Amino acid sequence: MAKKFKFQLQPALDKAESDKEKAEKAVLAARNELAAAEEKLRELEAIVEKTTQQIRDEHDNLTKPTDKPGSAVVFLQREEFIRALKVKLERQKEAVVKQKAQVAWCQQRLDLRMSELKEAAARAQAIEKLRDKVLAEHKKEEERRLQNEIDEAGMR
C-alpha cells in the first residue's frame, strides 16, 4: 500500500507564501502612494509655472507704454499686486520643495517594500525547492518499495 506524501514543513511554506502575498500588496500600495505623490508634485509645479507667468504678464502690463498715462495710484496698486504674487510664488515653491521630499520618501519606501518582497519570494522559493526535493525522494522510495513487492511476489 502506497504511503501518502505529507510535507512536514507545509505550515512554513504556507506562511512564506502568505508573507509573499502581503509583501506584494505592500509593494502595490507603495507604488500607488508614489504615483499620487508624483502627481501632486506635477500639479504644484504647474501652479508655480502659472503664478510665474502671471507675474510676468503683470510686470509687462506695468511697464509697457500706453497712449494715456496711468495714475500713480494704479501703478502702486499693480506693483503691490505683483509683490503679493511674488510672496504667493515663494510659498508655492516651498510647497514644491516639501512635495519633492515626500516623493523621495515614497520612493525609499517603495524600494524597501521591493526588497522585502524579494526576500519573501526567496524564502518561499527555498521552501518550495525543499518540498520538491522531499517529494522526489518520497516517489523514489515508493518506487523502490513497489519494486520490492513485485520482486517478492515473483519469488513466491
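# A tour of two helices

Begin with the whole chain in view: its secondary structure comes to two helices and zero strands, where helices (H or I, at least four residues) and strands (E, at least two) are DSSP runs numbered from the N terminus. The model is a predicted one, so that local features need pLDDT of at least 70 and side-chain atom pairs count only at pLDDT 80 or more, while totals for chains, interfaces and linings use all residues. Residues are numbered from 1 along each chain as its sequence is written, and side-chain values use heavy atoms, with hydrogens and water left out.

Stay with the full chain and show only the C-alpha atoms, which fill a box of roughly 125 × 25 × 15 Å, taken along the principal axes. The radius of gyration of the chain is 35 Å, whereas a compact globule of 156 residues would have one near 15 Å; this radius is taken over C-alpha atoms, and the globule rule is 2.2 Å times the number of residues to the power 0.38. Of the 156 residues, 21% count as buried, a class that means under 20% relative accessible area, with exposed being over 50% and partly exposed in between (1.4 Å probe, protein chains only).

Next, select residues 10-63, helix α1, and residues 72-155, helix α2, whose axes come within 6 Å and cross at roughly 165 degrees. That makes α1 roughly antiparallel to α2, a label for angles over 145 degrees, with angles running from 0 to 180 degrees between N-to-C directions and axes being lines fitted to C-alpha atoms, for helices over the stretch in contact. By class, the contact of α1 with α2 has 32 nonpolar, ten polar and 21 charged residues; Ala, Val, Leu, Ile, Met, Phe, Trp, Tyr, Cys and Pro count as nonpolar, Asp, Glu, Lys and Arg as charged, and the others, Gly among them, as polar.

Now select Arg78, which lies in helix α2 and counts as partly exposed at 31% relative accessibility. Leaving aside neighbours within four places in sequence, Arg78 is in contact (heavy atoms within 4.5 Å) with Glu58, Asn61 and Leu62. Between Arg78 and Leu62, a C-alpha to C-alpha distance monitor should span 6.8 Å, although the two are 16 residues apart in sequence.

Finally, move to Gln99, also found in helix α2: is this residue buried or exposed? Gln99 is buried, with a relative accessible area of 8%, and, not counting residues up to four places away in sequence, Gln99 touches Ala37, Lys40, Leu41 and Leu44.

How values were computed:
Parallel < 35°, antiparallel > 145°, perpendicular 65-115°, else oblique.
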